[in-house]
Amino acid sequence: MSKNGKIIGVAALVLAIAAVTFAVFSLKQAQAHARRYQELADAVSALSQSLDSGSGVASQVTYSFEDGKEEGSLGWPATKGLEGATSDAVAPLKDLAEKIIRQREALVEALVEKIAKPLDVPPGKAPNADVLNSVMEYENGMDGFIAYVRARAARDRNLQQKINTLLYSLEVRNKYAGEITNDGSFGSGDEQAFREAAKNLQNLRSNYSLLVNTVKSLNNALRGIALDGVEWRGPATASSLGTRGLSETETANLKGAVEKFQADIAQLKTQLARINVLEGEKAELEDQLAQANANARKWQDNYNTSESALRAIMGNITPTGKFCPDAITDRSQVREDLTGKVLVANGQYGHVLTNLTHGEVIPGLRFSVRRGDKFLGIVRITEVSPHNSLAVVEEGKATDIQAGDTLLLASETLQSVLNQND
């Protein structure tokens, strides 16, 4: 190989090494740009997700990288590296950002112009548009305004409480609710409460005028009454009320007369109170008497009704099949070990129908009513028949007695004691 050929070979080798080096460098640069693009695309896609808020931008600006493949509106298949393709892909996000800025500016303007100004927020507490539109300053830009609104709301609640206290003192039935209407007028309930308050206040003024006139009339009347140690100076005493005022002497005279009058009124009140008590006691006794008479009539009616009903049953019911044609007439004919059963019990009116016939018992006999070992009460025989007998409950609760309960003849001693109580 000639000398020139060797030189050319070395030069070619150097150029080849340089070309390989440049290719490797370019590849690394391309890979770095690709990774940086992937990171940017991922960040933009995540930003669209967080700012979506129902705008749909999350589905318009997308990116994903899996298995060496890019997907989404920011991916290579969609942009293909064309000039302006990436800008077009992020255009929906840019539009959303502009809408958010306009929305923020509209909210700030509404807060300042339509809320703070109508509320007459004092300088220093009113929100500032420049501060609220600043990303760095907006967070603390509302502190003064929020404190003012809270203080105003607390004042309104306190005012509402005071108004309701005043309405209560004027005996207004409705409360002031502080209802907020679209045009700033009072709600119907609040309007009604204030109308009623105005009416009651007018009545109060009228009553006050009447009271002043009454005091004047009383003063005139007292002037004509002879009171020890009191001398009235004349008509000027009454006419001066409510105008120039009374002199010291007139005031002392009026005070002495009023004190005596108050003492008489106090004694009269005591007597009237006693009369009212007696009248109340009389009315209460009359009511109790009327109620007692009504209860007695009702009880008598119920007794007659119940007795008639059970007497009718006496002639029809013979559950035990007993029939005794011969009636006994004396207590000595009654067996001491006599027992019976309750056939029908009327708990409402206090009567029972028994299986004891006129051949076993006579009217006036008393029996204890038992159910097993439990004592239920005492009944007295009132009517007898060949088949059964009717009795009235004298002790115990009639509603506790049932058909099938046992009747045991009361002892002679108990019969005598109960007879004495009749």
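**Close-up views of a predicted model**

**View 1. A salt bridge between neighbours.** Aspartate D156 has a relative accessible area of 35% and is therefore classed as partly exposed. In this predicted model, the side chain of D156 meets that of R155 in a salt bridge, with 3.2 Å from N to O. R155 is likewise partly exposed, its relative accessible area being 49%.

**View 2. The salt bridge of K117 and E113.** A salt bridge joins the side chains of K117 and E113, with an N to O distance of 2.9 Å. K117 is partly exposed, at 48% relative accessibility, and E113 is also partly exposed, at 38%.

**View 3. A network including E394.** The closest N and O atoms of the salt bridge between E394 and R380 are 2.5 Å apart. This pair links distant parts of the chain, as E394 lies in strand 7 (residues 389–396) and R380 in strand 6 (residues 374–384), 14 residues apart. R366, R380 and E394 form one network through salt bridges that share partners. In the whole structure, nine salt bridges are found.

**View 4. Helix 7.** Helix 7 covers residues 143–169; at 1.5 Å a residue, its 27 residues should span 39 Å, and the end C-alpha atoms are indeed 39 Å apart, so the two values agree. F145, Y148, I163, N164 and L167 are the buried residues of this helix. After helix 7 comes E171, which has a positive phi, near 60°.

**View 5. A negative surface patch.** The residues E279, E281, E284, E286 and D287 form a negative patch on the surface. E286 is placed in helix 10 (residues 248–314) and, at 46% relative accessibility, counts as partly exposed.

Methods:
Residues are numbered from 1 along each chain as its sequence is written. This is a predicted model: local features need pLDDT of at least 70, side-chain atom pairs count only at pLDDT 80 or more; totals for chains, interfaces and linings use all residues. Side-chain values use heavy atoms; hydrogens and water are left out. Patches are made of residues with over 30% relative accessible area and no salt bridge: like charges are joined within 9 Å, nonpolar side chains (Val, Leu, Ile, Met, Phe, Trp, Tyr) within 5 Å. Accessible areas come from the Shrake-Rupley method with a 1.4 Å probe; for residues, only the protein chains shown count as cover. A salt bridge is a side-chain nitrogen of Lys or Arg within 4 Å of a carboxyl oxygen of Asp or Glu. Lys and Arg count as positive and Asp and Glu as negative; His and the chain ends are not counted. The place of a charge is taken as NZ of Lys, CZ of Arg, CG of Asp or CD of Glu. Helices (H or I, at least four residues) and strands (E, at least two) are DSSP runs, numbered from the N terminus. Buried means under 20% relative accessible area, exposed over 50%, partly exposed in between (1.4 Å probe, protein chains only). The expected span of a helix is 1.5 Å times one less than its number of residues.
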